[in-house]
Amino acid sequence: GARTRYFVSPHRTEYLKIMMMFFSSFVFISFCSAASGMHLQGGSKGLLKKVMIPPEISRTFVINLDSRPDRWRIMNFSAGFGQNASLPCERWKAFEPSPGFEQTVSREVGSVLMNPVDSPDNKYERMKANAPDRYYHVMGCYVSHLSLIQHISRIGRPGDLYMVMEDDHYFSRNLTALLPQVISAVHDSDWDAIRLDCGGEWGRRGVETYRTDVCDQPECFGGTHAIIYNYDNIQHTLAHWMEGDWRSADAMFWTPHLKNYCVNMGIVTNFHDLSSDIPKINFVALDDANSTGACEMHTDEPRI
């Protein structure tokens with residue numbers, strides 16, 4: 001019998017070619033989009049796996065008094081041990097205020113320092129009158145942390161994390177490895193600051209992570225020995241420290257106006273022979289600490 005033949009017109013052929021080219025381009029673009037942020041692994045198998053860049057600390061600042069080179073030697077020595085040695089750290093000169101210090105700083109900061117928080121028991125006014133040495137040490141801690149918040153706001157980069165430490169603590173666990181876990185623990189991508197291992201009764205034993213927004217006492221504390229700042233929100237933090245009456249540095253982190261958290265994972269520990277420089281303790285120096293270590297020594301005067 002007769003066979004049926006199918007003819008395709010030249011115009012139809014050109015149309016099909018154009019459609020095939022369009023389809024091929026669409027498939028290629030879709031593949032490239034799907035592969036964005038991914039790389040080939042597994043040799044000839046060509047498996048695609050998404051690359052997740054873990055968070056990291058861009059710079060770590062260690063607050064240290066000029067009058068405490070012993071602490072600096074110990075902190076510097078400890079910073080060179082283990083996997084935390086990869087953390088970029090540098091010394092930050094602490095402020096040592098004395099009577100009249102309020103008049104030596106910028107007018108903006110001076111106006112803050114002239115007005116400590118008005119507590120029901122007039123705690124700070126009584127401290128200034130009866131224990132001025134302690135009062136100015138508390139102020140020195142506040143101003144040292146404020147100067148670093150200002151510094152980070154000036155030199156920081158979007159998306160970066162910055163850490164501030166005090167020289168009486170050291171890393172007891174690997175922060176570099178645990179940092180993704182610390183960040184995810186707060187369940188808040190818009191956090192302002194994370195304090196590690198809040199101490200005292202504010203450490204809330206058994207509670208790993210909590211927001212420090214509501215203080216149910218005249219003042220709440222917890223320490224300022226290890227703080228991670230989110231640069232993207234550093235202006236929120238700076239505004240809080242500059243707009244209100246000053247108080248103990250760790251009390252500044254208790255506010256509903258910021259998204260501050262405590263994450264207690266035992267990452268930092270205080271030196272048993274070291275404690276706060278705020279008068280009330282005796283210090284036993286560890287003279288066998290190495291004078292060289294991992295952190296950079298900066299002698300520039302911090303400005304406030």
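1. A quick definition to start: a residue counts as buried when its relative accessible area is under 20%, as exposed when that figure is over 50%, and as partly exposed in between. By that cut-off arginine 91, at 4% relative accessibility, is buried. Keep in mind that this is a predicted model.

2. Now for what arginine 91 does with its side chain. It meets the side chain of aspartate 66 in a salt bridge, 2.6 Å from N to O. Arginine 91 sits in strand β4 and aspartate 66 in the loop between β3 and α2 (69-78), so this pair ties together parts that are 25 residues apart in sequence. Unlike buried arginine 91, aspartate 66 is partly exposed, at 39% relative accessibility.

3. Aspartate 66 has another salt bridge to look at, this one with the side chain of lysine 93 (3.1 Å, N to O). Here too distant parts of the chain are linked: lysine 93 is in strand β4, aspartate 66 is in the loop between β3 and α2, and their positions lie 27 residues apart in the numbering. Lysine 93 is buried, with a relative accessible area of 18%. Put together, Asp66, Arg91 and Lys93 form a network of salt bridges.

4. The structure holds 10 salt bridges, and one more is worth a look: aspartate 188 with lysine 259, at 4.0 Å from N to O. Aspartate 188 lies in the loop between α6 and β7 (193-196) and lysine 259 in the loop between α7 (234-243) and β10, so the contact joins parts 71 residues apart in sequence. Aspartate 188 is buried at 15%, while lysine 259 is partly exposed at 28%.

5. On to the sheet. Seven strands make an open, mixed sheet, in the order β4-β3-β5-β9-β7-β10-β8. The edges are β4 (89-93) and β8 (209-211); each has a single partner strand, so one side of each is left without a neighbour in the sheet. From one strand to the next, the twist averages 25°.

6. At the β8 edge, the pairing with β10 (residues 260-263) is antiparallel and runs over three bridges. If you want a spot to find by eye, tyrosine 210 stands opposite cysteine 262 in β10.

7. Helix α5 lies across β3 (57-64), β4, β5 (161-166) and β9 (226-230), at about 155° to β3. Serine 147 belongs to this helix, which covers residues 132-155, and is buried, with a relative accessible area of 0%. A polar atom of the serine 147 side chain lies 2.7 Å from the backbone oxygen of serine 144.

Definitions and conventions. Residues numbered from 1 in each chain as written. Predicted model: local features only at pLDDT ≥ 70, side-chain atom pairs only at ≥ 80, totals over all residues. Heavy atoms only, no water. Helix = DSSP H or I, 4+ residues; strand = E, 2+ residues; numbered from the N terminus. Buried < 20%, exposed > 50% of the residue type's maximum accessible area, 1.4 Å probe, protein only. Polar contact = N/O pair within 3.5 Å; in protein donor to acceptor, adjacent residues only side chain to side chain. Pairing = 2+ DSSP bridges. Axes fitted to C-alpha atoms, helices over the stretch in contact; angles between N-to-C directions. Contact = heavy atoms within 4.5 Å.
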